[in-house]
Amino acid sequence: MFWNILQNENIKIFKRRLFWVEIFLLALIVLGILLALFITVETNRNGSGLLSDERSMLLETLTWPEAWNNVIRLAGWDGFGPLFLIILVGAVTAQEYTWRTFHISLSRGISRPVLVMAKLTALLIAGLLIVSTVLVVGGTTTAIFSKLNNGTLNLHQLVISHMFSSIGRAMFTMLPYGCLAFLLAVASRSTVVAISGGLVYILVLENLIMSSAGLLGERFSQLVLYLPGGLANSLLILNDASLGMASSSEMNTVSPMHAVVGITAWTLFFTGLSLWDFQRQDLAE
């Protein structure tokens with residue numbers, strides 16, 4: 001039964017205009033950022049604005065293999081992926097209450113746990129496609145830049161297994177934020193609360209806590225590392241190492257194993273709360 005419900009949920013999401021609008025906007029944003037950086041490099045070819053070293057460093061971030069790390073960053077925790085995932089999950093889930101599709105599904109004999117897990121899984125699959133959009137657009141654009149500037153893609157410097165590992169880590173760091181948006185949508189039944197709450201947390205609250213942690217003592221600083229953002233950062237710095245580059249992060253980190261366990265724990269925690277709250281709801285209201 002679960003797989004049939006999951007298939008139906010996937011079809012419903014792919015038929016939504018919101019999903020394709022997000023895909024289109026994200027592709028435009030990524031393309032616009034990369035083109036703006038490339039134009040900056042090209043217009044300063046003679047050193048009229050940027051120093052030669054600055055231009056060389058910027059050019060390296062736009063050409064393979066280093067460009068892949070930056071494209072993956074655009075998709076992961078500190079990029080656009082979680083933001084667009086929160087919007088998608090929050091809007092789609094809250095609208096289920098407005099359109100009363102939850103009620104219709106339950107009236108057909110589908111159990112609440114199966115329904116919740118199928119909907120959440122379908123939304124996370126859609127989130128992976130959102131990330132894939134960043135990778136396809138960013139990878140293609142930087143490949144063109146590499147060919148124009150270097151005459152080659154430097155494929156011999158790109159370790160495919162490490163690249164896919166980096167992509168997997170970036171996608172994995174998004175899970176807690178998608179599940180948080182789902183929890184807020186279930187608890188509030190409001191699109192506004194779900195989307196704004198998720199965005200405020202990732203853009204404001206979490207950053208504020210992490211940046212001010214040092215002012216509250218060493219013990220609090222260590223605890224902050226176990227927030228979803230701290231765990232994501234600890235995992236994503238492996239992407240720099242896997243591509244042979246030094247990490248640009250200045251934050252303290254936990255071990256990769258602790259980061260994986262922590263991200264999994266946050267994901268299960270938010271999912272469990274969503275299921276618990278949904279089980280208690282009176283959908284006849």
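## Close-up views of a predicted model

**Figure 1. Thr-142 and its contacts.** Beyond its neighbours within four places in sequence, Thr-142 makes contact with Leu-34, Leu-62, Thr-63, Trp-64, Ala-67 and Val-71. The model shown here, as in every view below, is predicted. Thr-142 sits in helix H7. Buried or exposed, how does Thr-142 count? At 1% relative accessibility, Thr-142 is buried, because the cut-off for that class is under 20%. One of the contacts, Trp-64, takes part in the peptide bond of the next view.

**Figure 2. The peptide bond between Trp-64 and Pro-65.** Trp-64 and Pro-65 are joined by a cis peptide bond. Omega is about 5°. Most peptide bonds are trans. Where is Pro-65 found? Pro-65 belongs to the loop between helix H3 (52-61) and helix H4 (66-75).

**Figure 3. Two arginines with positive phi.** Most residues other than glycine have a negative phi. Arg-100 has a phi near 60°, a positive value. Arg-189 also has a positive phi, near 60°. Both sit in loops between helices. For Arg-100, the flanking elements are helix H5 (81-98) and helix H6 (101-107). For Arg-189, they are helix H9 (175-188) and helix H10 (191-212). Arg-100 is partly exposed, at 39% relative accessibility. Arg-189 is partly exposed too, with a relative accessible area of 27%.

**Figure 4. Phe-14, Phe-19 and Trp-20.** Across the whole structure, a search finds 11 aromatic pairs. In one of them, the ring centres of Phe-14 and Phe-19 are 5.4 Å apart, with the planes at 50°. The pair is therefore tilted, since that angle is neither under 30 degrees (stacked) nor over 60 (edge-to-face). A pair of aromatic rings is described by the distance of the centres and the angle of the planes. Which residues form one aromatic cluster with Trp-20? They are Phe-14 and Phe-19. The accessibility of these two phenylalanines can be set side by side. Phe-14 is partly exposed, with a relative accessible area of 31%, whereas Phe-19 is buried, at 1%.

**Figure 5. Leu-25 and Phe-84.** Leu-25 is placed in helix H2 (residues 17-43). Its relative accessible area is 41%, so Leu-25 counts as partly exposed. Along the chain, Leu-25 and Phe-84 are 59 residues apart. How many Å separate their C-alpha atoms? The separation is 9.7 Å.

**Figure 6. Packing of H7 and H13.** The axes of helix H7 (residues 112-150) and helix H13 (residues 256-280) come within 10 Å of each other. They cross at roughly 135°. H7 is therefore oblique to H13. The crossing is right-handed. On the H7 side, the contact involves Arg-112, Pro-113, Leu-115, Val-116, Met-117 and Leu-120. On the H13 side, it involves Thr-271, Leu-275, Phe-278 and Gln-279.

**Figure 7. Packing of H9 and H13.** Two packed helices are described by the angle between their axes and the distance between the axes. Here the axes of H9 and H13 come within 8 Å and cross at roughly 15°. Because the angle is under 35 degrees, H9 and H13 count as roughly parallel. Their crossing is left-handed. Residues of H9 in the contact include Leu-175, Pro-176, Cys-179 and Phe-182. Those of H13 include Ile-263, Trp-266, Phe-270 and Asp-277. Thr-271 and Phe-278 of H13 also meet H9, and both appear in the contact with H7.

**Figure 8. Arginines over aromatic faces.** Which residue lies over the face of Phe-278? Arg-112 does, at 5.4 Å from the ring centre. Arg-112 and Phe-278 are both part of the contact between H7 and H13. Arg-280 lies over the face of Trp-276. Its distance from that ring centre is 4.5 Å.

**Figure 9. The surroundings of Phe-102.** Phe-102 is in helix H6. At 1% relative accessibility, Phe-102 counts as buried. Not counting residues up to four places away in sequence, Phe-102 touches Thr-93, Glu-96, Tyr-97, Leu-115, Lys-119, Phe-278 and Leu-283. Among them, Leu-115 and Phe-278 also take part in the contact of H7 with H13. Thr-133 is 31 residues from Phe-102 in sequence. In space, the two are 29 Å apart, C-alpha to C-alpha.

Definitions and conventions. Residues are numbered from 1 along each chain as its sequence is written. This is a predicted model: local features need pLDDT of at least 70, side-chain atom pairs count only at pLDDT 80 or more; totals for chains, interfaces and linings use all residues. Side-chain values use heavy atoms; hydrogens and water are left out. Rings of Phe, Tyr and Trp (its six-membered ring) pair if their centres lie within 6.5 Å; planes under 30 degrees apart count as stacked, over 60 as edge-to-face and the rest as tilted. Buried means under 20% relative accessible area, exposed over 50%, partly exposed in between (1.4 Å probe, protein chains only). A charge sits over a ring if NZ of Lys or CZ of Arg is within 6 Å of the ring centre and within 35 degrees of the ring normal. Axes are lines fitted to C-alpha atoms, for helices over the stretch in contact, and angles run from 0 to 180 degrees between N-to-C directions. Helices (H or I, at least four residues) and strands (E, at least two) are DSSP runs, numbered from the N terminus. Angles under 35 degrees count as roughly parallel, over 145 as roughly antiparallel, 65 to 115 as roughly perpendicular and the rest as oblique. A crossing is left-handed if the near helix is turned anticlockwise from the far one by less than a right angle, and right-handed if clockwise. Contact means heavy atoms within 4.5 Å.
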